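Me: I would like a close look at a single part of this structure, taken slowly enough for a first-year student to follow. Please choose one helix, explain how its surroundings are arranged, and then move outward from there.

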Amino acid sequence: MMTEDEKEMYLLHSRTKGYKCRIEEAMQTAQKAIKEIGANHALSYSGGKDSTVMLDICIKSGFRGDLIQFFYSEYENPKMNLDMADTQSKKYDLNLYRLKCYSSKEAWEEAGRFFVIPSNDLEKSLVRKVSSDFGRQSDKISKENRYNLHFIGMRKAESKQRRMTIGSRGLTYYSKTRNSVTCCPIGKLTDDDIWAYIICNNLPYISCYDNPLFDRRKIRNELTYFCTRNAVFQGVVETYKFIYPEIFAELRVNYPETSNYM
């Protein structure tokens with residue numbers, strides 16, 4: 001549970017000029033996209049803090065499209081994320097599509113062993129399949145429903161790659177694979193902006209962010225690319241282990257070789 005001192009810190013942050021300007025730009029970006037591109041739109045919603053803030057901003061900007069949640073496996077998509085998506089779709093009376101993507105669990109089954117870092121050509125090909133199926137499923141549903149606009153919660157502050165993508169493409173850009181426009185309304189929001197917005201607007205958030213061992217601004221709510229090299233080298237798996245101990249307890253039962261990695 002968030003302490004009163006934390007809440008006060010984020011409330012103070014919400015009064016800064018920079019915060020107000022970035023939130024206003026986010027609102028204007030979403031409003032402009034909906035007005036100029038069209039009403040047939042969708043929003044990728046994971047259940048985490050970023051997508052919850054983006055959804056609220058988009059709703060206030062006129063969004064009435066579909067929610068899309070990408071599901072990999074019970075190890076990669078904790079139940080609380082699924083429950084949050086169900087709750088939010090009902091709250092705003094929006095259709096929710098839960099798309100099944102090729103998962104790390106399926107990769108382990110095909111490889112015949114648990115792994116995080118691939119060690120042979122088969123495992124490397126399975127990792128590529130895990131990494132690419134998100135795009136394939138996204139493109140498929142966009143074309144089937146003829147979405148002309150897709151909102152995603154990508155932010156510059158998340159990684160160097162995302163900072164470069166937004167820096168070169170902008171907050172709204174055309175995606176050739178989906179044949180539609182992608183809009184990243186919260187692209188310029190900082191970690192503090194996200195939590196300040198949650199507190200100021202009394203938005204719900206899943207309990208993993210209250211883990212006392214980690215800074216709530218850096219916690220990942222799900223680990224959809226479990227079997228990738230960066231999941232280990234960037235410390236994501238180690239953090240995830242403490243946030244969702246029940247998931248790792250089940251992993252150890254079903255895949256004893258997890259002890260080689262964590």
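Reply: Before turning to the helices, one convention is needed: the angle between two axes counts as roughly parallel under 35 degrees, as roughly antiparallel over 145, as roughly perpendicular from 65 to 115, and as oblique in the rest of the range. The model shown here is a predicted one, and the part to look at closely is helix 8, which covers residues 191-200.

Helix 8 is mostly covered, since seven of its 10 residues are buried, where buried means a relative accessible area under 20%. The buried residues are D191, D193, I194, W195, A196, Y197 and I198. What lies over them includes helix 1 (4-13), helix 2 and helix 3 (49-60).

Of these covering elements, helix 3 can be followed in detail. The axes of helix 3 and helix 8 come within 10 Å of each other and cross at roughly 60 degrees; the two helices are therefore oblique to each other, and the crossing of helix 3 with helix 8 is left-handed. On the side of helix 3, the residues that take part are K49, D50, V53, D56, I57 and K60, and they meet I194, W195, Y197 and I198 of helix 8. Sorted by class, this contact has six nonpolar residues, no polar ones and four charged ones. The four residues named from helix 8 also appear among its buried residues.

One residue of helix 3 leads on to the wider interior. V53, which takes part in the contact with helix 8, is also listed among the residues with the most contacts inside the largest nonpolar core, together with L43, F63, F151, F226 and L251. That core has 59 residues, and helix 2 (residues 17-37) gives the most to it, with seven residues. A second core, separate from this one, has eight residues, including I68, Y72, C101 and I141. As a general point, nonpolar side chains in soluble globular proteins tend to be buried together.

Following the chain past the end of helix 8, one comes just after it to N202, which takes a positive phi of about 55 degrees. Further on, in the loop between helix 8 and helix 9 (229-233), lies I219, and because its relative accessibility is 3%, I219 counts as buried. The C-alpha atoms of I219 and G48 are 9.8 Å apart in space, although the two residues are 171 residues apart in sequence. Leaving aside its neighbours within four places in sequence, I219 is in contact with K49, C208, Y209, N211, F214 and I243. Among these partners, K49 is a residue of helix 3 that also meets helix 8, while I243 belongs to helix 10 and takes part in the contact with helix 11.

That last partner gives a second pair of helices to set beside the first. Helix 10 (residues 236-243) and helix 11 (residues 245-254) pack with their axes 5 Å apart, at an angle of about 105 degrees, which makes helix 10 roughly perpendicular to helix 11. Here V237, Y240, K241, F242 and I243 of helix 10 meet P245, I247, F248 and R252 of helix 11, and by class this contact has seven nonpolar residues, no polar ones and two charged ones.

How values were computed. Residues numbered from 1 in each chain as written. Predicted model: local features only at pLDDT ≥ 70, side-chain atom pairs only at ≥ 80, totals over all residues. Heavy atoms only, no water. Core = buried A, V, L, I, M, F, W, Y, C linked by side-chain atoms within 4.5 Å. Buried < 20%, exposed > 50% of the residue type's maximum accessible area, 1.4 Å probe, protein only. Contact = heavy atoms within 4.5 Å. Axes fitted to C-alpha atoms, helices over the stretch in contact; angles between N-to-C directions. Nonpolar A, V, L, I, M, F, W, Y, C, P; charged D, E, K, R; others polar. Left-handed = near helix turned anticlockwise from the far one by under 90°.
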